[in-house]
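This report covers selected side-chain contacts, burial and helix ends in one protein model. The sequence and the structure come before the discussion.

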Amino acid sequence: MDVISGEVKNAGIARFETAMLFDMWEDNKSFAASLDHAERGPSLRRTLTCIERNQMDRAVLTASLKEEFAKIDHNLAFEIDEDELRLLLTRLAGAEPGETVVRELMDRMAGPDAETVSESQFLSYLNGLSEEVAGDAEVEGASPTWVRRFRSIRRHIEETRHSRAATDLSSDSEPDSTSQGSGDKTDDSDDNENETLHSRGQNLSRKTPGFLMQMKILMTRRLVQWWRMTERMVFIVALIFAATFFGVLDRYIVVQELWDANPVLYLHTALALLMGIFCLHIFGEAQPLFWRERARGMNVPAFYLSRATINMVDLVIQTFFFTAIYYVVRQPCVPYCTWALPFFLVSLVASAWGALVSLAVQPVKGAFFVTLLIFITCGLLGQPSMLVVMLQGGQVELIVSSLSLTRWSVGMNFYTSVTMLNPNPVRLKDMAVLHLEKDVYLKRDWWGIGIWETGLCAMLAMSTGIRVIAFVLLVYRNRDKNV
């Protein structure tokens, strides 16, 4: 795809452009149609002759390599060790490579720490070498393909040896006499290219940047992606509409009491639902690209932290819009910072749920699972009438307290309202509701640090636990899909 888009130059077609693909497709259609028309016989025969010649050259190359391999493999085991590989490469290239070069080539052919190289691995690797050989044009045009292949083998070994010498020279001030002696054996064109490789310090191995460097790069890239992201405007508009609707409903239509916990429960559920769906994109988008980068050495913790950190900006902005508009319309008669903090904690936990779901299920099913999860854990389990039954100790209370974020966030807002407003309802219905909600939210102080502080610690612990599980899924899930 990089070649098609033009980001990587096509060595076979000079000045390649994407629009040229349409002409190529038409040419292929014409070639396919020529198979059914006898009048195009001469052109077809010439094409088939070129194909047969290339196949013949490849067969000659394979046969020659097998012959050289058999000369080294005296015990007919179809495998050679490191010393035999050095001898075989010397016969092919005309120059003896060093131990480090042979070791690296052996790792490339048979895998890391391999002790032997099979005949099939040897042939597969050398047949796949590039044919970029710098030589005279007439000689290059007259030489058959298998001759150019052997010259490519020699050049590959020379490049590896000189790149290793360049690496050694970078750490040692004295020149390496071995690399100078081997350079005398090559021709003038090889010397010029080897000097270029020497200056560049190329090597078969690649050292990836560390955590901090990758973190900086990934943060910069994520900031650019965040700036170009336009989907957040849809969620901001939805949050503004929801805040206005709930504010008008609670103040002018239903006329809810300022201390009542049920309106707060609906607010937290709506905010958690929208933020959970919004945060599906954190790790759900471009997953094949992430698999490819992970296979090429990208640091997964740096990737995770960069995305989670930049996502905090969206959480703060969108939660502020939601709480500020509702606060202005509803006028809850409590300080904004104390009243709004539980909402920010709801967004924090809901974003963790969204990230976890995006890694656990397919992206197309993420919104459905987030909606189901939020409605069950927040809207259903968070009802005061349900909590009275479930918060009686034992495993049920532990499960509800671990999964339902509204079990803690609504209690924080209710505690603030009751403490500052000191409600004293007159109607029997309001008195019963107040008594029920006090029994649910104000009679359980698990750690002896206060009702509000207990909810704060529980929400932070819930967010941390969910994010740790999401990180484990990011590291170990879909490892077989590395491309």
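A polar contact is a pair of N or O atoms within 3.5 Å; within protein, one of the two must be able to donate a hydrogen and the other to accept it. The model discussed here is predicted.

**The loop before α13**

A polar atom of the D260 side chain lies 3.3 Å from the backbone nitrogen of N262. D260 itself sits in the loop that runs between α12 (232-253) and α13 (261-278). Which side chain of opposite charge is nearest to D260? The nearest one is R330, at 7.6 Å, and D260 is buried without a salt bridge. A salt bridge requires a side-chain nitrogen of Lys or Arg within 4 Å of a carboxyl oxygen of Asp or Glu.

**Helix α16 and its ends**

Helix α16 covers residues 300-330, which is 31 residues. From its first C-alpha to its last, α16 reaches 44 Å, close to the 45 Å expected at 1.5 Å a residue. At the start of α16, N299 places a side-chain oxygen within 3.0 Å of the backbone nitrogen of A302. Just after the helix, Q331 has a positive phi of about 55°.

P332 belongs to the loop between α16 and α17 (336-360). The relative accessible area of P332 is 6%, so this residue counts as buried. The C-alpha atoms of P332 and W259 are 8.4 Å apart in space, while the two residues are 73 residues apart in sequence.

**Salt bridges**

Side chains of opposite charge can pair when their charged atoms come close. In this model the count comes to 5 salt bridges. Three pairs are listed below with the distance between their closest N and O atoms.

| Positive residue | Negative residue | Closest N and O atoms |
|---|---|---|
| R221 | E293 | 2.7 Å |
| R232 | D314 | 2.8 Å |
| R427 | D430 | 3.0 Å |

What does the pair R221 and E293 tie together? R221 lies in helix α11 (residues 211-228) and E293 in helix α15 (residues 287-295), so their salt bridge ties together parts that are 72 residues apart in sequence. R221 is partly exposed, at 28% relative accessibility, and E293 is partly exposed too, at 21%.

The salt bridge of R232 with D314 has its closest N and O atoms 2.8 Å apart. Because R232 lies in helix α12 and D314 in helix α16, this pair ties together parts that are 82 residues apart in sequence. Are these two residues buried or exposed? R232 is buried, with a relative accessible area of 10%, and D314 is buried at 2%.

In the pair formed by R427 and D430, R427 counts as exposed at 54% relative accessibility, whereas D430 counts as buried at 11%. Apart from these pairs, a network of salt bridges links R222, E285 and R307.

**A nonpolar patch**

Which residues make the nonpolar surface patch of about 460 Å²? The patch is made by F368, F369, L372, I376 and L380. F369 is placed in helix α18 (residues 366-380), and its relative accessibility of 35% makes it partly exposed. An α-helix has 3.6 residues a turn, so residues three or four places apart point the same way.

How values were computed
Residues are numbered from 1 along each chain as its sequence is written. This is a predicted model: local features need pLDDT of at least 70, side-chain atom pairs count only at pLDDT 80 or more; totals for chains, interfaces and linings use all residues. Side-chain values use heavy atoms; hydrogens and water are left out. Patches are made of residues with over 30% relative accessible area and no salt bridge: like charges are joined within 9 Å, nonpolar side chains (Val, Leu, Ile, Met, Phe, Trp, Tyr) within 5 Å. Accessible areas come from the Shrake-Rupley method with a 1.4 Å probe; for residues, only the protein chains shown count as cover. Helices (H or I, at least four residues) and strands (E, at least two) are DSSP runs, numbered from the N terminus. Buried means under 20% relative accessible area, exposed over 50%, partly exposed in between (1.4 Å probe, protein chains only). The expected span of a helix is 1.5 Å times one less than its number of residues. Lys and Arg count as positive and Asp and Glu as negative; His and the chain ends are not counted.
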